[in-house]
Amino acid sequence: MGKGRGARMEWSTGGPVRTPAGPAAPSRGAPRPAPREGVLWSALAVLSLLAGLATGTLQTWHHNRSLGTTPAPAGLRAPSPGGEGSTEPPLATAWSQLYGDNVTAEAQLAEDLLLRAERSPLALARAKKAPRKPARGGRGRNCHIRSLMVKALHQLYYDPSIENKNLAQKWLMQAQVSPQAWHFSWLLLNMDKVPEIQYFGASALHIKISRYWNDIPADQYESLKSQLFAQIARFAGGSKIVLTRLCVALASLALSMMPEAWPCAVADMVRMFQAEDANVDGRARCLALLELLTVLPEEFQTSRLPQYRKGQVRSVLAQECGSVFPLLGQLLQQQDSPGFIKQKVLKCFSSWVQLEIPLMDCESLIQAAFASLQDPELFDTAVEAIVNAISQPDAQRYVNTLLKLIPLVLGLQEQLRQAVQSGDMETSHGICRIAVALGENHSRALLDQVEHWQSFLALVNMIMFCTGIPGHYPVNETTSSLTLTFWYTLQDDILSFEPDKQAVYQQVYRPVYFQLVDVLLHKAQFPSDEEYGFWSSDEKEQFRIYRVDISDTLMYVYEMLGAELLSSLYDKLGRLLTSTEQPSSWQHTEALLYGFQSIAETIDVNYSDVVPGLIGLIPRISISNVQLADTVMFTIGALSEWLADHPVMINNVLPLVLQALGNPELSISSVSTLKKICRECKYDLPPYAANIVAVSQEVLMKQIHKTSQCMWLMQALGFLLSALQVEEILKNLHSLISPYIQQLEKLADETVVVVLQQVFQLIQKVLSKWLNDAQVVESVCAIFEKSVKTLLDDFAPMVPQLCEMLGQMYSTIPQASAIDLTRQLVHIFANEPAHFPPIKAVFLLVTSVTLTLFQQGPRDHPDIVDSFMQLLAQALKRKPDLFLCSNLDVKAVFQCGVLSLKFPEAPTVRASCGFFTELLPRCGEIPPVGQVVHDEGKVLLQAVLEGIGGQASRSLMDHFAEILFALNKHCFSHLSLWIKEVLQPDGFPSARVSPEQKDTFSQQILRERVNKRRVKEMVKEFTLLCRGLHGTEYTADY
């Protein structure tokens, strides 16, 4: 069994959540029989036992012929934003729904008035400038519009009816994106309105500018800009929420106009608000300017600008910081600047540094922010600004500036100690964030500065102090968890040096990491029983997660410290358990065992010379409470592989496990440990089998464990029985299963396959009642998938029955688990003439149901799509004749594959690429495939190039390259035409690549029909060009 980080076991009873495509399972509140009380529990218990028995008996013989599977993640479809082309009902209809049919006439009037309203953004401004006429119609129209909006907003904010609130919100959202919003938004900003109404008007302006910029004529940009400046000036001393929203609207306008239409936008903003204005107080103007400058970078981060425009605008904004930072520095240094102004300045600086401004340009403001840490009013804002500035990826280029920051951080140590002593968690938390941000983001750059090693070591020791901060997490402190990632990063950077340099750093930092182990084990200790009893369930859960993080860190540290770490832990535990001077606390013992468990779970300790001693020490532990008992159990479980190599030691620990099995509080730890021992040590357990079966049977009859633990226990017994003589297997099978299924009493002479055949009828009966329960269907599929993968050809007699059951399950509630089981059947039995008919039938049924699912919208079920693509690839690999079936719509299958290439989930895209990589070589031998590639191949190529152009993750480029290679190898004549046509349009697949670059790429691809690796290199280079990353630091890691 392989060891590594991925091998850690989570002690949760749930698995990956999958989204069934059929009817929803009954809600928790719905009455339903308890599984353990009904036939469902009986069936699942038997299936668990049989799965363990089958796996234990046959896995050695057939392992190489089973097909590995990869679970697909479930996904959710993101809601698409509304737009002008929305299919929502007209505003009048929605208004009628809100106020009832008795006001339909008024609603129709509202619709008529809104539709006739002027659609220019500056309609109101022009109306004010135009000569007044005594026409009452316009005035009445404005009054009606305002009254309708005000009425709906009042309904939204103050009506107690949720239904009315929802209807009002729906109508208002339609109104915001309607063309009429250009008109009423200005009306709602009148100063006689309450702030909620003014806020809605400002929000409507922002939505129109940010989402419908192309609707605004270019000749109105300047007027719109002036109007927004005027409104911001009006609200400078007014409602803060309205001012912020107006600033966001102007920021969106600026981002859309720069650099061509508004080249010096930021400088103009600063100049505009610095100008004297008799109507606006100077302090209010300053706050309004700071608010505008703060939201500008934030709006850029969330803007909907095309990717190529984002690069342009980011560059312009980075240059414009020259107009911003001097102003911020001046305001921070002025003695008479009030605290709230300085706070706004720090927030503004924090916003701008996230635009990846060069760290050297931020140096003076960072120093000012450090000085602000002494002011309690500014502390939190200053911390945020410093952390954001230090954490920018580009900051590591400015090593000299980083070296200047180390003394500033070390200068905070006295403030940190005082905060810890006084219990000021907020201050200690903030200072720790700063130290960790500098160390974690730039450890490699600072380690490289050999002449400054002492100052960096001082920073490391400061972070160590933060790791070991006194008190129990999360009740007395919340700081120590921030530091754990730093220790990973530092270790990785040290171990990445060449051997000679690494040896020097190891000499310096190994003592630091041994100290870290002591600190972490101390932090992992439980509080006293009395104190722990007062903790809330949420605090206990946070502490559990914190201990898991510590466990991961200890496991990682083993890579640096090696076997010496285990020896150190063993020596401490030995001294603790053998000391006669003073009794040790159970917490100290538990923490040391927890350290052993953390390492043994994922690291191969079979050759460690301390494990025999540890096994000898475990029976000497005085187990006084549940937490210690749990850790003892998990530690024994982590050493199960070692016990398999040293069976003479099994008797030292097995009695402890069997004793714990009867304690419901130790349910998870004791059952999982017994399962591990039965799986790893089964050939050495026959002398203990009778005792294990007797204790387990007693526990099962008492029903003291939950269903999931009972299933684990039955699987453990299956592993145990698989190593016994046939007579013993059958005798124990009879005694174990008879309480649940009386039918099995007749099967004393028969094999596992016959047992499965006999219980098949029972499973069908269970499914007839639970077919709509996704969990039951998934459990049944999992059991049979294990049986198929283990028994292989021996499973053949059950293929027709299982295919029929699969069709029934998948037709009722499509699930990925059913497709995965179908794929296993195709892999093993599709080439057997006797089994081809049922395999063909279930393959066609699964395909038909899944195609229907695609018509309904597959985005809610990426796991099903992933599994379906893998099934298609497997069918093409093992039995291409399946694609000759007249009932198979090959064109629809092809189109589904193209659609799946555009999914955001990487595993789904990989599976889709795998399907096409198998499909394209079949063009010549399977006529339906050749025809569909001829008809639809251009669409496939377009989807592939879209992904390469930036629509897909860069990690998927090798998979897209394989499709291109297959097209070039098997469809060259078509590809040579398609690629020119598809790449012809400007801006496709990216506006960053020129026609010459596209032409070069297409020629390179068409020339390379032999070397797949070369094609992958071409695709990687082209995708970097498309994404604007070619020649940047990102290229080095790609």
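Which residues are buried in α21? In this predicted model, the buried residues of α21 are Leu484, Phe486, Trp487, Tyr488, Leu490, Gln491, Asp493 and Ile494. The protein has 1038 residues, of which 54% count as buried, and its secondary structure comes to 47 helices and 0 strands. Among the contacts between residues at least 6 apart in sequence, 76% join residues at least 24 apart.

**Helix α21 and its cover**

- Helix α21 runs over residues 484-495, and its 12 residues should span 16 Å at 1.5 Å a residue, which agrees with the 17 Å that separates its end C-alpha atoms.
- The elements that cover the buried residues of α21 include α19, α20, α22 and α24, the last of these being residues 537-561.
- Two of these covering elements also appear in the description of a salt bridge given below, where Lys501 is placed in helix α22 and Asp448 in the loop between α19 and α20.

**Packing of α13 against α14**

- Two packed helices are described by the angle between their axes and the distance between the axes.
- For helix α13 (residues 307-333) and helix α14 (residues 339-353), the angle is about 160° and the axes are 10 Å apart.
- The two helices α13 and α14 are therefore roughly antiparallel to each other, since an angle over 145 degrees counts as such.
- The crossing in which α13 passes α14 is left-handed.
- On the α13 side the contact is made by Leu317, Cys321, Val324, Phe325, Leu328, Leu331 and Leu332, while on the α14 side Lys342, Val345, Leu346, Cys348, Phe349 and Trp352 take part.

**Salt bridges**

- Side chains of opposite charge can pair when their charged atoms come close.
- The count for the model comes to 27 salt bridges, with a side-chain nitrogen of Lys or Arg within 4 Å of a carboxyl oxygen of Asp or Glu as the criterion.
- Lys501 and Asp448 meet through their side chains in one such salt bridge, at 3.1 Å from N to O.
- This pair links distant parts of the chain, since Lys501 belongs to helix α22 (residues 499-523) and Asp448 to the loop between α19 (425-447) and α20 (453-467), 53 residues apart.
- Both partners count as partly exposed, with a relative accessibility of 22% for Lys501 and of 31% for Asp448.
- Lys879 and Asp881 form another salt bridge, with an N to O distance of 3.9 Å; here Lys879 is buried at a relative accessible area of 16%, whereas Asp881 is partly exposed at 41%.
- Arg922 pairs with Glu925 in a salt bridge whose closest N and O atoms are 3.2 Å apart, and in this pair Arg922 is buried with a relative accessible area of 17%, whereas Glu925 counts as partly exposed at 48% relative accessibility.
- Elsewhere, Lys240, Glu291 and Lys344 are joined into one network by salt bridges that share partners.

**Buried residues in loops**

- Ala395 has its place in the loop between α16 (379-390) and α17 (399-410), and its relative accessible area of 2% makes Ala395 buried.
- Once the neighbours within four places in sequence are left aside, Ala395 is in contact with Leu359, Ala389, Ile390, Leu402 and His442.
- In sequence Ala395 and Ile357 are 38 residues apart, while in space the distance between their C-alpha atoms is 8.6 Å.
- His835 is found in the loop between α38 (816-829) and α39 (836-856), where His835 counts as buried at 15% relative accessibility, a value that falls under the 20% limit for buried residues.
- Not counting residues up to four places away in sequence, His835 touches Ala796, Val799 and Phe829.

**A buried residue in helix α8**

- Gln198 lies in helix α8, which covers residues 195-211, and at 4% relative accessibility Gln198 counts as buried.
- With residues up to four places away in sequence not counted, the residues that Gln198 touches are Leu188, Leu189, Asn190, Met191, Lys193, Phe235 and Val242.

Key. Residues numbered from 1 in each chain as written. Predicted model: local features only at pLDDT ≥ 70, side-chain atom pairs only at ≥ 80, totals over all residues. Heavy atoms only, no water. Helix = DSSP H or I, 4+ residues; strand = E, 2+ residues; numbered from the N terminus. Buried < 20%, exposed > 50% of the residue type's maximum accessible area, 1.4 Å probe, protein only. Expected span 1.5 Å × (residues − 1). Contact = heavy atoms within 4.5 Å. Axes fitted to C-alpha atoms, helices over the stretch in contact; angles between N-to-C directions. Parallel < 35°, antiparallel > 145°, perpendicular 65-115°, else oblique. Left-handed = near helix turned anticlockwise from the far one by under 90°.
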